[in-house]
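Here's a quick walk through this chain, from the overall fold down to a handful of ring contacts. Have the structure open as you read.

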Amino acid sequence: MGRKVALSACLAGKNCRYNGEIKARSEVVEKLEKEGYEVVLFCPEDACFGTPREAMDLTVTPEGVKALTKFSGEDRTPPIVEYACDFFDTHSDIDLFVGKARSPSCGVRTARLYDGEGNLLSDEEAGVMAAEARARGIRVLDDEAYLPKPDTTVS
Ligand code: SF4
C-alpha cells in the first residue's frame, strides 16, 4: 500500500490563507509525489472559520496555550482541535505530516508563541493541528524542513 502525507492546503496553491493570499510551494508537492506519497490536503482554519478571516496567534493564557485571534481575542483552539481529530481519525493511515512553517495551526517547530502583552516568547512551537499529529505519533515536518527554500542571499 502507498504512503500518505497530510499537507497544508495553502502549500498546494489553495487560497485558504487568512488574507486569501496564495503562497504555494509546488516544488514541495512535486517532491512528495516523486517520493511516492499520496497527498491529502487539509486546512483547519478555512474549514472552521472561512477565508478571509482574522489572523490568530498562539498565546499563553491562565488556561494554557491558546490560539487567539489577533484583535478580538477569540479562542479558536477548540474547533481546530476538533477538525484535527476528525481529520486524523478519518485518515488513520497518514505516514507523514508536512505543515506550513510558522503557522499557529500547521507549523511544526516554527510557530510563534506570545505572552498576553504580545511579547514574543518563542518561535519554535507546534501549531494546534501539528501538535495533534505529533501526539498521535505521526512524523511531522515543517515544509521548510522537508524542502528548504533556496538561499536567496547574494554574497
Ligand atoms: S497554514 Fe494551515 S491553517 Fe493556514 S492557510 Fe495553510 S493550511 Fe490553512
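In this predicted model, buried residues account for 44% of the 155 residues in the chain. The radius of gyration is 15 Å, which agrees with the value near 15 Å for a compact globule of 155 residues. Along the principal axes, the C-alpha atoms take up a box of roughly 50 × 45 × 25 Å.

As for the fold, you'll find five helices and eight strands, running in the order β-α-β-α-β-β-α-β-β-β-α-β-α. Take the contacts between residues at least 6 apart in sequence: 63% of them join residues at least 24 apart.

On the outside, the accessible surface is about 8,300 Å², with 48% of that belonging to carbon and sulfur atoms. The chain carries 20 positive and 28 negative side chains, and the centres of these two sets sit 4 Å apart.

Now for the rings. The whole structure has five aromatic pairs. Here are two of them:

| Pair | Centre distance | Plane angle | Type |
|---|---|---|---|
| Phe 42 and Phe 87 | 5.5 Å | 65 degrees | edge-to-face |
| Phe 87 and Phe 88 | 5.3 Å | 85 degrees | edge-to-face |

Phe 42 belongs to strand 2 (residues 37-42) and Phe 87 to helix 3 (residues 77-90), so their pair links distant parts of the chain, 45 residues apart.

Are these rings buried or exposed? Buried means under 20% relative accessible area, and Phe 42 comes in at 2%, Phe 87 at 7% and Phe 88 at 3%, so they count as buried. Together with Tyr 83 and Phe 97, these three make up one aromatic cluster.

Definitions and conventions
Residues numbered from 1 in each chain as written. Predicted model: local features only at pLDDT ≥ 70, side-chain atom pairs only at ≥ 80, totals over all residues. Heavy atoms only, no water. Helix = DSSP H or I, 4+ residues; strand = E, 2+ residues; numbered from the N terminus. Rg over C-alpha atoms; globule rule 2.2 N^0.38 Å. Buried < 20%, exposed > 50% of the residue type's maximum accessible area, 1.4 Å probe, protein only. Contact = heavy atoms within 4.5 Å. Areas by Shrake-Rupley, 256 points an atom, 1.4 Å probe, with all protein chains shown as cover. Lys, Arg positive; Asp, Glu negative; His and termini not counted. Charge placed at Lys NZ, Arg CZ, Asp CG, Glu CD. Phe/Tyr/Trp six-rings, centres within 6.5 Å; stacked < 30°, edge-to-face > 60°.
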